[in-house]
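Got your viewer open and a cup of something warm at hand? Let's walk through this one stop by stop, selecting as we go.

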Protein chains: 2
Amino acid sequence: MLDPNADVYEAVKGLRVVRNFEDRQISEEHLDAILEAGRWTGSSKNRQNWAIIVVQDPGQLERLAECGDFTTPLRNAPTTLVPVRLPEGYDWDLGRLSQNMMLAAAALGVGSCPVTFHREDDAKAVLGVADDHGARFGITLGYPEPDAERAGRERSPLSGRKPLGAMIYRDRFET
Amino acid sequence: MLDPNADVYEAVKGLRVVRNFEDRQISEEHLDAILEAGRWTGSSKNRQNWAIIVVQDPGQLERLAECGDFTTPLRNAPTTLVPVRLPEGYDWDLGRLSQNMMLAAAALGVGSCPVTFHREDDAKAVLGVADDHGARFGITLGYPEPDAERAGRERSPLSGRKPLGAMIYRDRFET
């Protein structure tokens, strides 16, 4: 256990997506540190039933962007990570892995945005991922474009959250 | 974007499970802060297709413990959170939610351990969760029992990780 740390709490609670990025590629040092934070993520029975594809090839990024309905951030970003669910893995573990990498990225000054591949089979074909694996989500990465980030937040309809009272139940789920 | 912060990076990379807890219940202040960090987690299209059941009733905890194969941490913990996947939600988003709550807990000095309900239908029956919802995972919470934590880490076969070279691919997945 780490000592209680208010900065950590606020960073976890405060993570927000970045949809517009500088043109330059992220450094290998930052990429390695983000992947390393992913590598150390906990998983069910520590099975780590995942792999991560680092996509930086412009042709591959363009083909991936065709596989989802809202992939503008992917087109704007120099790097996209695609966590691959290995057979017997859980998407829940991949979500944990992805959240860790996005939080680690933010702690390094790297912005991120999740994207969904609504046509997952197409994404798997682009990436050479077998039928019994999963690749439904990606994480775009890049250095934030500050003005665009602020403008995006002001415009976005996706910035609020439901109140706690709309999502918390005690001991049983009653709807 | 927050400013780069090495403490945040290390906390994200360094989260580890706690399996043994003090007998006392966690404070309402800590519980609320953990749920609040969950509430602010990002989700696909910000749909927040989730709910969270806070289980503290001893009978409910005992019944839940029967729904998984490795639930000793749940029996040891005074609180278990069960994220519920609403219809059209994704387990990937619930993994993000769960990782945020576990990291927020650690930042507050609260230990956590994920548990899997291998008999998910039984868990849903215990919790009153409908068929078209999901409730496969729980998060146990409590104040760490320091000596037991250290002993557990030394004994655990679940503490290592695969090397990056075993999980990272470039542009395509080649196995």
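Helices (H or I, at least four residues) and strands (E, at least two) are taken as DSSP runs, numbered from the N terminus. This is a predicted model, in which local features need pLDDT of at least 70, side-chain atom pairs count only at pLDDT 80 or more, and totals for chains, interfaces and linings use all residues. Residues are numbered from 1 along each chain as its sequence is written, while chains are lettered from A and ligands numbered from 1 in the order in which they are written.

**Stop 1: helix H6 of chain A**

Select residues 120-127 of chain A, which make up helix H6. Just after H6(A) comes Gly128(A), with a positive phi near 75 degrees. Now show the side chains of Ala123(A), Lys124(A), Val126(A) and Leu127(A): these residues are buried. Buried means that 20 or more other C-beta atoms lie within 10 Å of a residue's own; with 12 or fewer the residue is exposed, and in between it is partly exposed, with C-beta atoms placed from the backbone. Why do they sit on the same side of H6(A)? They cover an arc of only 160 degrees around the axis, and that puts them there. (The arc is that of the directions from the helix axis to the C-beta atoms.) As background, an α-helix has 3.6 residues a turn, so residues three or four places apart point the same way. Add S1, helix H3 (58-65) and strand S2 (79-85) of chain A to your selection, since they are among what covers the buried residues of H6(A).

**Stop 2: the sheets that cross between chains**

Next, pick out the strands in the order S3(A)-S4(A)-S2(A)-S1(A)-S5(B): they form an open sheet of 5 strands with mixed pairing. Two strands pair if DSSP finds at least two bridges between them. Strand S3 (111-116) of chain A and S5 of chain B are the edge strands, each pairing on one side only. Neighbouring strands here are turned by 25 degrees against each other on average, direction ignored.

Zoom in where the chains join. Strand S1 (residues 50-55) of chain A and S5(B) run parallel, joined by 3 bridges, and Ile52(A) has Ile168(B) as its bridge partner.

Now go to the other open sheet, ordered S5(A)-S1(B)-S2(B)-S4(B)-S3(B), with 5 strands and mixed pairing. S5 of chain A and S3 of chain B stand at its edges with a single partner strand each, so one side of each is left without a neighbour in the sheet. Strand S5 (residues 168-170) of chain A pairs with S1(B) in the parallel sense over 3 bridges. Along that seam, Ile168(A) stands opposite Ile52(B) and Tyr169(A) opposite Ile53(B).

**Stop 3: the S3(B) edge and a helix across the sheet**

Select S3(B): 6 of its 6 residues are buried. Gly111(B), Cys113(B) and Val115(B) point one way, and Ser112(B), Pro114(B) and Thr116(B) the other. S3(B) and S4(B) run antiparallel, with 6 bridges between them; one to click on is Ser112(B), whose partner in S4(B) is Leu141(B).

Then show helix H3 (residues 58-65) of chain B. H3 lies across S1, strand S2 (79-85) and strand S4 (137-142) of chain B, at about 115 degrees to S1(B). For such angles, axes are lines fitted to C-alpha atoms, for helices over the stretch in contact, and the range is 0 to 180 degrees between N-to-C directions.

**Stop 4: Ala33(B)**

Click on Ala33(B), in helix H2 of chain B. Is Ala33(B) buried or partly exposed? Ala33(B) is partly exposed, because it has 19 other C-beta atoms within 10 Å. Leaving aside neighbours within four places in sequence, Ala33(B) is in contact with Ala104(B) and Leu108(B); contact means C-beta atoms, placed from the backbone, within 7 Å. Ala33(B) and Leu108(B) are 75 residues apart in sequence and 8.5 Å apart in space, C-alpha to C-alpha.

**Stop 5: the whole interface**

Zoom out and colour by chain. The contact takes 70 residues from chain B and 70 residues from chain A. On the chain B side, H5(B) gives the largest share, 13 residues. A rotation of 180 degrees with 0.0 Å of shift along its axis superposes chain B on chain A (RMSD 0.0 Å), which is the relation of a two-fold axis. The superposition is by least squares on the C-alpha atoms of residues with pLDDT of at least 70 in both copies. Finally, 100% of the interface residues of chain B are also interface residues in chain A, so the copies meet through the same surface.

Conventions:
Two residues are in contact if their C-beta atoms, placed from the backbone, lie within 7 Å.
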